[in-house]
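Trainee: I'm new to this structure and would like a close look at a single part of it. Could you pick one helix, walk me through its surroundings, and show me how the rest of the chain fits around that picture?

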Amino acid sequence: MVWSFPPRFSIKLSQPELVAPKTPTPKEKKALSDLDDQASLRYQMPGLWFYESKESMVGHDPATVIKEGLAKALVFYYPLAGRLFEGPNKKLIVDCNGEGVLFLKAEANIALHKLGDFIHSPSPYLSKLQHNVPGSEGITGCPLLLIQVTRFTCGGIALGVRFNHTMVDGYGMSLFLKALCELALGGSTPSILPVWDRETLSATANPNPTSSHAVYEAPCFRNNFKLFDFEWWANKIFNVEKLASQPLFFFFPKILKPIFVQSSFIVGPKEIQALRDQAMAQDYGRCTTFELITACLWKCRTIALQPNPNATVRLTFPTNMRQKSLAGLKLSPGYYGNAIVMQSATSTAKLLCDSPITYAIQLIREAKNKVNADYVKSVIDFMVTRGRPRMSVLRNMMVSDISRIGLEKIDFGWGDAIYAGASIAAYGATFLERPKSSDSTTEKSILVPISLPHIYMQIFTHEFKKMTSSS
């Protein structure tokens, strides 16, 4: 194995400043939806975009271009310039006070191309290219958005964006950034006007959940002991499920962090075909790329973590309601709040590990098909009646597909990004992303960042390579 290490560089960072809407905006208070303010979304979501230099933009300062577009975009998306506070029953409300969002400018003493594939998630440069301004990382009383523009010696650019996930989902942030770009490039109004309309996804006066939502319940570890079961020991020693006030997949006791390894895997056309061939060998019908990859990840990770064979393991994934026709829940194209509900597939560890990949695919497909208007309303009512809980993480893997949002199409004058992604690998959660653009196979490939304790990562890597091999 050939080891490579990320190149080191330093940055010269400007003083952070607040960018307010360019013109006066309404001063009002707006309640978030009952999907927005669930505990699983109460965190700051990072992201990085990378752009090569462009000859036609020589002489233009990208920070100035983005800052001006940002001020204009906040006129239309003025709630993002406000601050959240918590009302009765943990209800999040945004005070649209126009205080503004955080903005930073930086200069790096290295050329972009020297970073190579280290710009991929999980990027070791996240803390440099998305500086955490002290006191800004909270959910309430803090800026809802942070943007950092870093320029490399070659003229390349990194755009770091961190947003409060209770205010927007991935699609919503993409809408905002596209509006920023349109206005920065001379437009007078966004091509898709933002819509608040959070009442559509809020509970009725008499909430009554009609479905079970087990993903929000802590797993049972009773009678599930196994010597090398990492999650059993983590829960036994640290009571991990009860420690975090934010989603647990972004948290782990500091004493355990040194044992974790972060890596990424590229699932290209050959690997996808190998998985598809396995499904066809079982006389299974047509499978989506999402089904194939998530089934593979779920199975490999479960084998790696070695839970008790009788333990119940779960795969959780968000379903975007914008892509579904749900009676009574039609959302405007400009809706930028969280329009996702979590679905989960469950199995005993033994069945998942011993069965062909089609077993996991079928469970995933059945979970996807559960989403209808009644189910969404049940999730909303469940949040209100159960105190807005967060998802369990132990015995659970969350997979979010952001490869089709079009993040790489955020163009503020320097063309499409050569790479755009979440920039992190978190225990218990992963994202399906597009890898750095290099050749024609990139558009058909998926990048998967993974975080696991070292020995379990070795097992995962072995199983993943075995399952995605054409042999």
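Mentor: Counting through the chain gives 10 helices and 16 strands. Its radius of gyration is 22 Å, close to the 23 Å that the globule rule gives for 471 residues, so the chain is as compact as a globular protein of that length. Keep in mind that this is a predicted model. Along the principal axes, the C-alpha atoms fill a box of roughly 60 × 60 × 45 Å. Of the 471 residues, 57% count as buried.

Now for the close look. Let's take helix H6, which covers residues 289–305. H6 has 17 residues and reaches 24 Å from its first C-alpha to its last, close to the 24 Å expected at 1.5 Å a residue. How many of the residues of H6 are buried? The count is 15 of the 17, so H6 is largely enclosed by the rest of the structure. Right after H6 comes glutamine 306, which takes a positive phi of about 55°.

Let's pick out one residue of H6, glutamate 291. Its side chain forms a salt bridge with arginine 365, and the closest N and O atoms are 2.7 Å apart. Glutamate 291 sits in helix H6 and arginine 365 in helix H8 (residues 357–368), so to speak two distant parts of the chain, 74 residues apart, that this pair links. Which partner is buried, and which is partly exposed? Glutamate 291 is buried, with a relative accessible area of 2%, while arginine 365 is partly exposed at 22%. The cut-off for buried is under 20% relative accessible area, so arginine 365, at 22%, falls on the partly exposed side.

H6 also has a part in a cavity. A search of the whole structure finds four cavities of 30 Å³ or more, and about 100 Å³ of space lies in the largest cavity. What lines that largest cavity? The lining is made of Glu231, Trp298, Arg301, Thr302, Leu305, Pro307, Val313, Arg314, Arg395, Asn396 and Met397. The largest share of this lining, four residues, comes from H6. H6 has company, though: strand S11 (312–320) and strand S13 (396–401), like H6, each supply at least two residues of the lining. By type, the lining residues divide into five nonpolar, two polar and four charged.

Since S13 came up, have a look at valine 399, which has its place in that strand. At 1% relative accessibility, valine 399 counts as buried. Follow the chain from there to aspartate 411, 12 residues apart from valine 399, and the C-alpha atoms of the two turn out to be separated by 27 Å.

For the opposite kind of case, try tyrosine 216, in the loop between helix H3 (170–184) and helix H4 (230–238). Tyrosine 216 and serine 40 are 176 residues apart in sequence, yet 9.2 Å apart in space, C-alpha to C-alpha. Tyrosine 216 is buried too, with a relative accessible area of 10%.

Back to salt bridges, to put the one on H6 in context. The whole structure has 19 of them. Take aspartate 117 and lysine 436, whose side chains meet at 3.2 Å, N to O. Aspartate 117 lies in the loop between strand S7 (101–108) and helix H2 (126–129), and lysine 436 in the loop between strand S15 (429–432) and strand S16 (446–453), so the pair ties together parts that are 319 residues apart in sequence. Both ends are partly exposed: aspartate 117 has a relative accessible area of 49%, and lysine 436 has 23%.

Another salt bridge joins lysine 409 and aspartate 416, at 3.0 Å, N to O. Here lysine 409 counts as partly exposed at 47% relative accessibility, and aspartate 416 does as well, at 39%. There is also a network of salt bridges, which links Asp34, Asp37, Lys91 and Arg388.

Finally, here's another helix to set beside H6. Helix H10 (residues 454–467) has 14 residues and reaches 20 Å from its first C-alpha to its last, close to the 20 Å expected at 1.5 Å a residue. Its buried residues are Tyr456, Met457, Phe460, Thr461, Glu463, Phe464 and Met467.

Notes. Residues numbered from 1 in each chain as written. Predicted model: local features only at pLDDT ≥ 70, side-chain atom pairs only at ≥ 80, totals over all residues. Heavy atoms only, no water. Expected span 1.5 Å × (residues − 1). Buried < 20%, exposed > 50% of the residue type's maximum accessible area, 1.4 Å probe, protein only. 1 Å grid on protein atoms, 1.4 Å probe; cavity = no way out; pocket = protein on both sides within 12 Å on 5 of 7 lines; lining within 4 Å. Points joined across faces, edges and corners; volume = space filled by probe spheres on them. Nonpolar A, V, L, I, M, F, W, Y, C, P; charged D, E, K, R; others polar. Salt bridge = Lys/Arg side-chain N within 4 Å of Asp/Glu carboxyl O. Rg over C-alpha atoms; globule rule 2.2 N^0.38 Å.
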